[in-house]
Amino acid sequence: MSGIGRGVRGECAWDPEGSAERTPGDGPQEAGGAVPQGGFAVPDSGPSGPGSTARADVLARRLTGLLARIEAACTAAGRDSGEVRLLPVTKYFPASDIAVLHRLGRHDFGENRPQEAGAKAGELHDLRPLRWHLIGRLQRNKARQVARWAYAVQSVDSERLATALETAVAAALDAGERQQPLEVLIQVSLDADPARGGMEPAGVPALADRIASSPELRLAGIMAIPPLVADPDAEFARLAEVHSRLRAAHPTATELSAGMSNDLERAIAHGSTCVRVGTALMGERPITSA
Ligand SMILES: *Cc1c(COP(=O)(O)O)cnc(C)c1O
């Protein structure tokens, strides 16, 4: 196993503590517990609503199934499961769910709205270790707020945003609000859809150089949300190419954040190191989001 010094199996990459192996073994180990692709068997309201014991059981069972699904995808792709981490995406779900997942050994969480994430970070202030990854669009005027609680921003797609984050992180470091530089992933656009955000592949090298030159930022890799309509294999293959070009110039930019509830197997087949999973773990969101 090549996992020495890397994140725990299933734990999202950025794990400075290198904490000991953990499994979500608290949950019921039911037969056939694997979550079907993109599926979720249990409703999210009523007795299994947020904060309930039943909810904790649901999350434990889904987490077990999801980790098995990731492991199976790694096996199918001929990869070591230690190379792929799970980033639970908890947008729209309450801090109580995050506390449950934290007890099950999850320390990294993805959120896509700065305001909602900041509120949860405040609520869960005492939980350690806890690392917040912003995976959604960020306006420059929110950078200062985000620099207080974010461990990583996976959605950096312009030099102007990188500069705003650099300034914001410097201020947060000065104020003692954070101790580490910000982990940054460049969000890559595969379809030039402005609504989805992301930098086109041709712009990635210059943006990468800009981020890498900043002491306040650490270039960790790239992230993408592939367009739904296209052939996902072709999109993930293009993304893997963008990533290998990036790594040629910046060898430490090892993260390839790709794959969600419905396509994580394909993403893992194409080299993903971090799958961002919402629905298959948390259940359906009340509103669909970007
Ligand atoms: C919501 C979201 C996800 C998770 O999507 P699911 O299909 O619910 O797993 C992943 N990445 C980003 C950027 C998201 O906004």
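**Walking through the parallel strands, the core and the ligand shell**

Let's start in the sheet: strand 5 (residues 150–156) runs parallel to strand 6, and 3 bridges join them. Strands pair here if DSSP finds at least two bridges between them. Strands themselves (E, at least two residues) and helices (H or I, at least four) are DSSP runs numbered from the N terminus. Keep in mind that this is a predicted model, where local features need pLDDT of at least 70, side-chain atom pairs count only at pLDDT 80 or more, and totals for chains, interfaces and linings use all residues. Residue numbers start from 1 along each chain as its sequence is written.

Within that pairing, valine 153 sits opposite valine 184 of strand 6. To get from one strand to the other you pass helix 5 (residues 159–174), and strand 5, helix 5 and strand 6 form a right-handed β-α-β unit. Right-handed means that, with the strands pointing away from the viewer, the path from the first strand over the helix to the second runs clockwise.

Strand 6 is largely enclosed by the rest of the structure, because 6 of its 6 residues are buried. Buried means 20 or more other C-beta atoms within 10 Å of a residue's own; 12 or fewer is exposed, in between is partly exposed, and C-beta atoms are placed from the backbone. Leu182, Val184 and Ile186 point one way from the strand, while Glu183, Leu185 and Gln187 point the other way, and all are buried.

On we go to strand 7. Strand 6 (residues 182–187) pairs with strand 7 in the parallel sense over 6 bridges, and the chain gets across through helix 6 (residues 204–212) in a right-handed β-α-β crossover. Leucine 182 faces leucine 217 in strand 7, and glutamate 183 is opposite arginine 218. Strand 7 (residues 217–223) has 6 of its 7 residues buried, so this strand too is largely enclosed by the rest of the structure. Next comes strand 8 (residues 255–257), which runs parallel to strand 7 and is joined to it by 3 bridges; there, glutamate 255 is the bridge partner of glycine 221.

Now zoom out. The chain has 9 helices and 9 strands, and buried residues make up 46% of its 290 residues. The largest nonpolar core (buried Ala, Val, Leu, Ile, Met, Phe, Trp, Tyr and Cys residues joined through C-beta atoms within 7 Å) has 76 residues, and those with the most contacts inside it are Ala150, Val153, Leu165 and Val275. Helix 1 (residues 53–77) gives the largest share of this core, 10 residues. Contacts are C-beta pairs, placed from the backbone, within 7 Å. Leaving out residues up to four places away in sequence, valine 275 touches Ile70, Val84, Leu86, Leu87, Gly259, Leu264, Ala267 and Ile268.

What about the ligand? The shell around it has 16 residues, of which Met260, Ser261, Arg276, Gly278 and Thr279 come nearest; a residue is near if its C-beta atom, placed from the backbone, lies within 6 Å. Strand 9 (274–277) and helix 9 (279–282) each supply at least two shell residues.

Finally, two backbone details. The peptide bond from arginine 128 to proline 129 is cis, with omega near -15°, and proline 129 lies in the loop between helix 3 (114–123) and strand 4 (131–134). Tyrosine 92 is not a glycine, yet has a positive phi of about 75°.

Notes:
Two residues are in contact if their C-beta atoms, placed from the backbone, lie within 7 Å.
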